[in-house]
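Subject: Structure handover, with notes on what was found

Dear colleague,

I am passing on the structure below, and I would be glad if you could look through it before reading my notes. They begin with a single residue and then move on to the whole chain and its charged side chains.

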Amino acid sequence: MLLSEQQIEARLAAAARRGEFDNLPGAGRPLVLDDDREVPEALRMAYRVMKNSGFVPEAVRLRGEIASVEALLHAADDEAARQHAARRLRVLLDRLNQNGEGRGLISESGYFRQLCERLEREA
């Protein structure tokens, strides 16, 4: 059963009159809204539904994994661990670039470029 906008508004108004919205957590404080200015208006609702359902776009997941691998790379204390993390980072960046979501990431990452040059010299 789909409700019309008027029916929804009427139900919300009735609930407010009954006091069902009083004493809610965060009452009186401003809402913390997602910054979705970069998302086209026509897609905002769909993105919000996907986010609330736990769906994470592949590009976002890859960027998170890239950040984790970069942290491992910085913390690596031996050469084998550093090389393993560098290889993993290359794979992740390649996958992101193949999706078309990471255009320019490899060339923008000065640290990554320097690391690759160093590893190639040492190999």
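Does Ile-8 count as exposed, partly exposed or buried, or in other words, which of these classes fits its relative accessibility? Ile-8 counts as partly exposed, because its relative accessibility is 38%, and this lies between the 20% under which a residue is called buried and the 50% over which a residue is called exposed. Ile-8 is a residue of helix α1, and together with Leu-3, Leu-12, Phe-21 and Leu-24 it makes a nonpolar surface patch of about 400 Å².

Before going further, please keep in mind that this is a predicted model. The mean pLDDT of the protein is 80, with 80% of the residues at 70 or more. Confidence is highest in helix α1 (residues 5-17), where the mean is 93, and lowest in helix α5 (residues 105-108), where the mean is 48. Where pLDDT is low, the predicted coordinates should not be read in detail.

As for the overall build, the protein has six helices and zero strands, so that the pattern read along the sequence is α-α-α-α-α-α. The protein consists of 123 residues, of which 20% count as buried, and its accessible surface comes to about 9,900 Å², with 54% of that surface belonging to carbon and sulfur atoms. Among the contacts in the protein with a separation of 6 or more, 46% are accounted for by residues 24 or more positions apart.

The charged side chains deserve a closer reading, and the count comes to five salt bridges. One of them is formed by Arg-61 and Glu-65, whose closest N and O atoms are 2.8 Å apart; both residues lie in helix α3 (residues 58-75), four residues apart, which is about one turn of the helix. Arg-61 counts as partly exposed at 35% relative accessibility, and Glu-65 also counts as partly exposed, at 22%. Glu-65 meets a second partner as well, since its side chain and that of Arg-88 form a salt bridge at 2.3 Å, N to O. This pair links distant parts of the chain, with Arg-88 in helix α4 and Glu-65 in helix α3, 23 residues apart. Arg-88, for its part, is partly exposed, with a relative accessibility of 28%.

Another salt bridge joins Arg-82 to Glu-79, and here the closest N and O atoms are 3.3 Å apart. Both of these residues belong to helix α4, where they are three residues apart, about one turn of the helix. Which of the terms buried and exposed describes Arg-82? Arg-82 is buried, because its relative accessible area is 17% and the cut-off for that class is under 20%, whereas Glu-79 is partly exposed, with a relative accessible area of 28%. Taking the salt bridges that share partners, one finds that Glu-58, Arg-61, Glu-65 and Arg-88 are joined into one network. The side chain of Arg-82 also reaches the backbone oxygen of Ala-76, at 3.0 Å, and Arg-82 itself sits in helix α4, which covers residues 79-98.

With best regards

Methods:
Residues numbered from 1 in each chain as written. Heavy atoms only, no water. pLDDT = per-residue confidence, 0-100. Helix = DSSP H or I, 4+ residues; strand = E, 2+ residues; numbered from the N terminus. Buried < 20%, exposed > 50% of the residue type's maximum accessible area, 1.4 Å probe, protein only. Contact = heavy atoms within 4.5 Å. Areas by Shrake-Rupley, 256 points an atom, 1.4 Å probe, with all protein chains shown as cover. Polar contact = N/O pair within 3.5 Å; in protein donor to acceptor, adjacent residues only side chain to side chain. Patch = residues over 30% accessible without salt bridge, like charges linked within 9 Å, V, L, I, M, F, W, Y side chains within 5 Å. Salt bridge = Lys/Arg side-chain N within 4 Å of Asp/Glu carboxyl O.
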